[in-house]
Amino acid sequence: MRVSHLQLADFRSYTAADLQFDPGVTALVGPNGQGKTNLVEAIGYIATHGSHRVSTDAALVRQGASRAVIRCAIERDDRHALVELELVPGGSNRARVNRSPLPRAREALGLLRTVLFAPEDLALVKGDPDGRRRFLDDLLVARAPRFAGVRSDYDRALRQRNALLKSAGATIKAGRGDVRTLDVWDAHLARTGADLLAARLKLVQDLAVPTGKAYAQVSNGQGDAELTYRSSLDEAESGPDGAREAGGAPTPATGADVVPARDLLEARLLEALAKVRGKELERGVSLIGPHRDDLLLTLGGLPAKGYASHGESWSFALALRLASYELLTHDGDSEPVLILDDVFAELDAGRRARLADLVAGAEQVIVTAAVAEDVPEVLDGARVDVMASEVRRVR
Ligand SMILES: Nc1ncnc2c1ncn2[C@@H]1O[C@H](COP(=O)(O)OP(=O)(O)OP(=O)(O)O)[C@@H](O)[C@H]1O
């Protein structure tokens, strides 16, 4: 799969942009702050309906404008799709595919698949669990777009349940409030939470081997990179409020683990929610569910966060992206578009060369760099200069 044409209106620093892409490598080159990342961010947005840099859309609309438009032509074998997204901060985004409006923008998910690696990815290793949960959920959606609905159903159930715990918690605890409404939200949370949890557990199992392999490739065989899904459900069941005895620390995924059935997870979530209800009413928040989980990253048995060096952390983040690329390629009938935003300048010579070798044969690679020398020679291809939010094809 590849992007063949990108057009922007009022997106970030661009009043308008129009850029054609060839298959293979395209390097977007220009000094800092000229609009290179804005271009790849727009392509990433078409694929994920989100930005890799900000969590709300307001910053994506050019200052002074009220909406932005991204139009992207996608080629997949001999099929073509023209996807157009209109970003309306504070309102609902609108999508058109081949010039026909879709009832809901999220129906356009899945038409373009990208894997984007950027300096922000260091937070996957060094940052809070929130970023790692988002990584897993974005990959779930890229593999199966229906998970966009699952995720938003879970978020809605969580918001409503937290609002109820906060507003009516004290009265329910005193035996005067409407417990039945809380029971209903427990059921919603357990149902949608089980969908999300089962999918994440399976995803971590699928990612474990390719991540270890990619880490070894990028770091030239140094260190064992492992993934472990840490679930708040397991912890609640083995804690003082729980019914089960502690089962010890969670073990790293091996790729061959048995993922608990979704229905069993739903029953376990319901039971655990009932057990912690008193504590939740006191605190006014939901204490169990996928929103409290984490993906633990370990290197040679030690947590990467807090122990790994800067270079090792980079390699781990890169390994997660390369493993995502492998999964998406394996699942679908075509390779996702690979985007490397400003990453070569961050890597040492060895890692840079190994990464370049790994991605050189991909169907489409879009690279951004401040200077052309940062792009490894093996990634020889088209070059576009970006200056003051103007694009100029030079090769
Ligand atoms: N909503 C917006 N409206 C107008 N300008 C914006 C908006 N958002 C970002 N910009 C501008 O876009 C520019 C940054 O563009 P971008 O991040 O693409 O730079 P870059 O070329 O990738 O730089 P670097 O090499 O430093 O990463 C900044 O000058 C910033 O002020």
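Helices are DSSP runs of at least four residues, and strands are DSSP runs of at least two, numbered from the N terminus. With that in hand, welcome to a tour of this predicted model.

**Figure 1. The shell around the ligand.** Helix H1 (residues 36-48) supplies the largest share of this shell, three residues. Altogether, 17 residues surround the ligand, and those that come nearest are Ser-13, Asn-32, Lys-36, Thr-37 and Asn-38. By residue kind, the shell divides into 10 polar, four charged and three nonpolar.

**Figure 2. Two domains and the contact between them.** The domain assignment of the protein chain gives domain 1 as 2-113 + 336-393 and domain 2 as 147-296. Taken over C-alpha atoms, the centres of domain 1 and domain 2 are separated by 34 Å. In the contact, seven residues come from domain 1 and four residues from domain 2. On the side of domain 1 that touches domain 2, three residues are nonpolar, three are charged and one is polar.

**Figure 3. The largest nonpolar core.** A good place to pause is this core, which has 113 residues. Ile-43, Phe-316 and Ala-319 are the residues with the most contacts inside the core. Helix H5 (residues 179-218) gives the most to this core, with 16 residues. The core also draws at least three residues from each of domain 1 (2-113 + 336-393) and domain 2 (147-296). Let us look at Ala-319: leaving out residues up to four places away in sequence, Ala-319 touches Thr-211, Ala-214, Tyr-215, Val-218 and Ala-225.

**Figure 4. An open sheet of three strands.** The strands here follow the order E9-E10-E11, with antiparallel pairing. At the edges stand strand E9 (225-230) and strand E11 (302-303); each has a single partner strand, so one side of each is left without a neighbour in the sheet. Strand E10 (residues 294-299) pairs with E11 in the antiparallel sense over two bridges. To find this pairing in the view, look for Thr-298, whose bridge partner in E11 is Pro-303.

**Figure 5. Strand E12 and its partners.** Strand E12 (residues 337-341) is mostly covered, with five of its five residues buried. Val-337, Ile-339 and Asp-341 point one way from E12, while Leu-338 and Leu-340 point the other way, and all are buried. Strand E8 (residues 114-117) runs parallel to E12 and is joined to E12 by four bridges. One pair to look for is Val-115 with its bridge partner in E12, Leu-338. E12 also pairs with strand E13 (residues 364-369), in the parallel sense and over four bridges. Here Ile-339 stands opposite Ile-366 in E13.

**Figure 6. A close look at Arg-268.** This residue has its place in helix H7 (residues 262-275). Is Arg-268 buried or exposed? Arg-268 has 22 other C-beta atoms within 10 Å, and a residue counts as buried at 20 or more, so Arg-268 is buried. For a sense of scale, the C-alpha atoms of Arg-268 and Leu-116 are separated by 36 Å. Along the chain, Arg-268 and Leu-116 are 152 residues apart.

Conventions:
Residues are numbered from 1 along each chain as its sequence is written. This is a predicted model: local features need pLDDT of at least 70, side-chain atom pairs count only at pLDDT 80 or more; totals for chains, interfaces and linings use all residues. A residue is buried if 20 or more other C-beta atoms lie within 10 Å of its own, exposed if 12 or fewer, and partly exposed in between; C-beta atoms are placed from the backbone. Domain bounds come from an automatic or database domain assignment. Two residues are in contact if their C-beta atoms, placed from the backbone, lie within 7 Å. Ala, Val, Leu, Ile, Met, Phe, Trp, Tyr, Cys and Pro count as nonpolar, Asp, Glu, Lys and Arg as charged, and the others, Gly among them, as polar. A residue is near a molecule or strand if its C-beta atom, placed from the backbone, lies within 6 Å of it. A nonpolar core is a set of buried Ala, Val, Leu, Ile, Met, Phe, Trp, Tyr and Cys residues joined through C-beta atoms within 7 Å. Two strands pair if DSSP finds at least two bridges between them.
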